[in-house]
Structure formats: C-alpha cells, structure tokens
Amino acid sequence: MPNEATATKDAPVDPRGPRFSAWITSAILAVVLLTGSWRLLAAQTLLFAMCAFISLKLNPWGHVYRFAVQPRLAPTTEREEAAPLRFAQGVGFVFALTGTIGYATGVTALGVVATSAALVAALLNAAVGLCLGCEMFLLLRRYAPALARPQ
C-alpha cells in the first residue's frame, strides 16, 4: 500500500471536466440498465477503480474533455480539489461493483438497484453539478477527520 509520500497526488481540476465525464458515465449506466450488460458495467467499474485508487488522470473522458472540449470553452480559473472527486469515484466503484456482481450472478434486481443509484448520482453531477460522493467526503472530513485524512 503506498504511503502519503508515494501516493499519486492529483492537481486541482477544472470542474467542467468531471461534469463532462459524468454525462458520459450517465450514458454508459443507462445503456447498462437497458441491456443488463454486466460486461459493460464491469468496464465502468474498472474505470471507477482506476480513478479512485490510482489517479484521475487515467479517466479517458477527462482526456477527451481536455483535448476536444476545453479548448472550445472560455478559460476559467475555478478549480476543484481532486480528493473529493477521487472519493466520489470510489463510491461509484462500490455501486458499480455491486451492480456487476448482481448482473453477473443472475441477481438482476441487485444489479438494477445498484446501477440505478450510480446513474442518479452521475446525472445529478452532470446536470446540476451536485457531486454526492464529494459531499460525502466533505461530511466525513468534517465529522470524522481521522477517517478522511491520512495520519
């Protein structure tokens, strides 16, 4: 397990990037709900895991945003810290993993419920900028600081 000195520290990000990624994630999750494809959900689960546990820089939708979308937008100085975003990706990972297990083992109701919860969270982030995982991170940091900050 990497310690704080060796762990990847992501730089603050343009908040429009995670919202762009949330739109694509919403589309993927909607397709999963329509098709019941545990393989597609497993791919999304892997993406959540890479962003949560390694680096946000591994998100392919972030690359699409930075190279294809961001240059067409007016510049902004607004930035968001990466830690809450990574925590949110971890929450997405838990729901997507639960959904993948549900679909893959034939417990379709579990897959539908977990995927639907992830879709609601992704749509809230995409449409109105409300990142539920980020809000959870901030609440944890405020009320349980020992859990949210490495020692």
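Q: What does buried mean here, as opposed to exposed?
A: Buried means under 20% relative accessible area, exposed means over 50%, and partly exposed lies in between (1.4 Å probe, protein chains only). This is a predicted model, where local features need pLDDT of at least 70, side-chain atom pairs count only at pLDDT 80 or more, and totals for chains, interfaces and linings use all residues. Residues are numbered from 1 along each chain as its sequence is written, and side-chain values use heavy atoms, with hydrogens and water left out.

Q: How many salt bridges are there?
A: Side chains of opposite charge can pair when their charged atoms come close. The rule asks for a side-chain nitrogen of Lys or Arg within 4 Å of a carboxyl oxygen of Asp or Glu, and it gives two salt bridges. One joins Arg86 to Asp10, with the closest N and O atoms 3.5 Å apart. Arg86 is in helix H4 and Asp10 in the segment before H1, so this pair ties together parts 76 residues apart in sequence; helices here are DSSP runs (H or I, at least four residues), numbered from the N terminus. Arg86 and Asp10 are both buried.

Q: What about Arg16 and Asp14, buried or exposed?
A: Arg16 counts as partly exposed at 28% relative accessibility, while Asp14 is buried at 7%. Their salt bridge has its closest N and O atoms 2.8 Å apart.

Q: Which residues does Leu119 touch?
A: Taking contact as heavy atoms within 4.5 Å, Leu119 touches Ser26, Leu29, Ala30 and Leu33, not counting residues up to four places away in sequence.

Conventions: Helix = DSSP H or I, 4+ residues; strand = E, 2+ residues; numbered from the N terminus.
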